Amino acid sequence: MESLLSAYASHSDEDDEEPKKEEEEEEGNWCLPKNREGRLESAAKRLRVVEFSFFPLPATASQSLPKPKDFGWHSQELQIPHQQYPDPASAAAAGIAPGSRYVSKRERAAAIAQQQLGSAPTHTTAILPESSASHEPPGFQGILDMNLPIHIQKRLDKARDGVSSRNHLPKEVIVRLRGHDKGVNCVRWSPTHGSLLASAGMDHVACIWKLWTEGMEQPACKVSCHTAAVKDVQWSSQGTCLLTCGFDKTSRLTDVETNCEKQIFEENQVVNTIQFHPFETDLFLSGGSKGALRLWDIRSGKVVREYFKSLGQIMDVDFSKDGKRFASTSDIAKRNASDKTIVIWDYYNQVYMEPYTCPSVRFHPYEDCFIAQSNAGYIAAFSARPPFKLNKHKRFEGHQVSGFRVQCSFSPDGEYVVTGSADGCLFFYSYRSSKCLKTMKMHENVCTDVAYHPVLSSVVASCSWDGSVCVYD
C-alpha cells in the first residue's frame, strides 16, 4: 500500500508541472499558432465588440468605419474573412459589400426590413430618447445655461467657495428692467442659477430675467399660465421650477426650461402667499383670503394639513431656520381685536399669537429671531424661542408703509435689514445697531419688495408698483 501511494504521489507531481508550464505559455502567447482557428475566433469576437453598432449600417456607412488593420499591433493576426457571413445572399440583399466588416443578424434583419418598406437608410441614425427640448417654445431654450461674463463668474465662484461671505451695501443701479405692464408685487433670486431673477406682477404674468447677458433689459421668459394677477413667486430648491400663486385661486408649478405648466393646486380662496419648506423641498405652504393655511405635497398634489383659525386673510408666511415652525400674519375681523395678527405655528397647533399690524414677516437666517413689518412705519424684532417676546430695544424705523404690502428681508449673512417704502425708496438698516445706513430713491411709486442676491454680496433687486424692476451693485 505504501509503495502504491508513493507511486501515485510522484506521478501526480509530474502531471501538475506540465500543465502549469502550458498555462504559462498560453498566457504569454495567446495569439501564437497553438490551436490557431479557435484563437482567431475568440479574437474576432473581441474585435466585434469594438466595431458593432446596434443600428443598421449599409455599405455607404460602413466604408467610413476603420478597418481591422487599424486596431493595433495584432491586426494582421485578426483579419476576419468574408466566409464568416453565414448567408452571402442575405448580406448582398442588405446592401453589404463583400469584404466589409462583420454585420450581426440583428443588423441584417433590420436592413432587409427597411429595404422591403422602401426606406433603406443612407446613414447611421441613433434612436435617442425624446428630448424635452423638442417641446420648448422658440426663445426659451437654454434659459438655465450659465453663460456669464468672466468677472461675474469669478465673483460667483469665489462667493460659493466662501472667500467673501459678508454682504455689502450696493452703490448704484446697474439695470432697470421693463417687462410688466402693471405693478410688480415681489422679486425672488434663483437659489442655484446666479443670473436668474423672477418677478410677479399684477398683469397676470411672472417674468424671469437673465441678467449679465445680452438683451437682459427684456424678460428671458414670461410665465403666463395665470388668469388673474400674480401675488407671489418662489423658486424650487433645484432652481428648475417656479411656483406662483394669485387671484385666480390657484398655485401653479412651471418648468423654467420649457415654460410648461406641470401642476395646478386649486383652492377656494385667493392665494396671497406661498413658501417652500427649507428642507422638505416637496412641501410648500399657501395662505389665502379666507384665512386658511394649507400644507401641500407636490408629489401627490394634495393637501397634507390645513391650519384655520378664523383670522381673516393670510398676508405673509415664513419658515424658521430649522423648519420646525412657521409664522403667519393675518387680518382679524373680530371685535376688540387688533387689525392684524402674527401667529406662530408648529406642524400641528398654534403656539403663539401676537396682536400686531404686520403685512410681512421674515426669520433671521442664523439667529433665533424674526422681524415683522409694521403699518406704523417701522420693523419690530421678536424672539423665535418660546415665549416669542418682542425685543423692545430693537426697532428699524424711517421708511413708510402706509397700508401697502411692503415686504422686508435680511441679507444672506444676517447683518442687514432691507425694506421698500411707500415713497419709492430702499432702506438699508444695520441689524446690530438698528440704524439706517443707506437710502436709495429709484422708483416713482411704492417700492413693494427688496431682496439681496443669495451669493453675490452686494447685488440687490427691487420692484415697484410703477412696473419696474431694478438691480443694484
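1. The side chain of Asp449 makes a polar contact with the side chain of Arg188, at 2.7 Å, and this pair is a convenient place to begin reading what is a predicted model. Asp449 belongs to strand E26, which covers residues 447-452, and the residue is buried, with a relative accessible area of 2%; because the cut-off for burial is under 20% relative accessible area, that assignment follows directly from the value of 2%. Not counting residues up to four places away in sequence, Asp449 touches Asn185, Cys186, Val187 and Arg188, together with Gln407, Ala461, Ser462 and Cys463.

2. For the protein chain as a whole, the secondary structure comes to six helices and 28 strands, and 48% of the 473 residues count as buried. Among the contacts with a separation of 6 or more, 47% are accounted for by residues 24 or more positions apart. The chain exposes about 24,300 Å², of which carbon and sulfur atoms supply 51%.

3. The largest nonpolar core holds 24 residues, and those touching the most other members are Leu177, Val187, Trp189, Leu197, Leu211, Val469 and Val471. At least two residues of this core come from each of helix H6 (150-160), strand E1 (173-178), strand E2 (184-189), strand E4 (206-210), strand E27 (460-464) and strand E28 (468-472). A second, separate core has 15 residues, including Leu144, Leu196, Val230 and Val233.

4. Strand E28 deserves attention in its own right, since five of its five residues are buried, so that the strand is largely enclosed by the rest of the structure. Ser468, Cys470 and Tyr472 point one way from E28, whereas Val469 and Val471 point the other way, and all are buried. Leaving aside neighbours within four places in sequence, Val469 is in contact with Val175, Arg176, Leu177, Val184, Val187, Leu197, Ser199, Ser462 and Cys463.

5. The pairing of E28 can be followed to two partner strands. With E1, the strand pairs in the antiparallel sense over five bridges, and Leu177 has Val469 as its bridge partner in E28. With E27, the pairing is again antiparallel, over four bridges, and here Val460 stands opposite Tyr472. The hairpin of E27 and E28 has three residues between the strands, and in this hairpin Gly467 takes a positive phi near 85°.

6. An open sheet of four strands, in the order E2-E3-E4-E5, is formed with antiparallel pairing. Its edge strands are E2 and strand E5 (221-223), each of which pairs on one side only, and the twist averages 20° from one strand to the next. Within the sheet, strand E3 (residues 196-201) and E4 run antiparallel and are joined by five bridges, with Ile208 in E4 serving as the bridge partner of Ala198.

7. A further buried strand is E14 (residues 314-319): six of its six residues are buried, so E14 is largely enclosed by the rest of the structure. E14 pairs with strand E15 (residues 326-331) in the antiparallel sense over five bridges, and Ile314 stands opposite Ser330 in E15. Six residues lie between the strands of this hairpin, where Gly323 takes a positive phi near 75°.

Definitions and conventions: Residues numbered from 1 in each chain as written. Predicted model: local features only at pLDDT ≥ 70, side-chain atom pairs only at ≥ 80, totals over all residues. Heavy atoms only, no water. Buried < 20%, exposed > 50% of the residue type's maximum accessible area, 1.4 Å probe, protein only. Pairing = 2+ DSSP bridges. Contact = heavy atoms within 4.5 Å. Areas by Shrake-Rupley, 256 points an atom, 1.4 Å probe, with all protein chains shown as cover. Core = buried A, V, L, I, M, F, W, Y, C linked by side-chain atoms within 4.5 Å. Axes fitted to C-alpha atoms, helices over the stretch in contact; angles between N-to-C directions. Polar contact = N/O pair within 3.5 Å; in protein donor to acceptor, adjacent residues only side chain to side chain.
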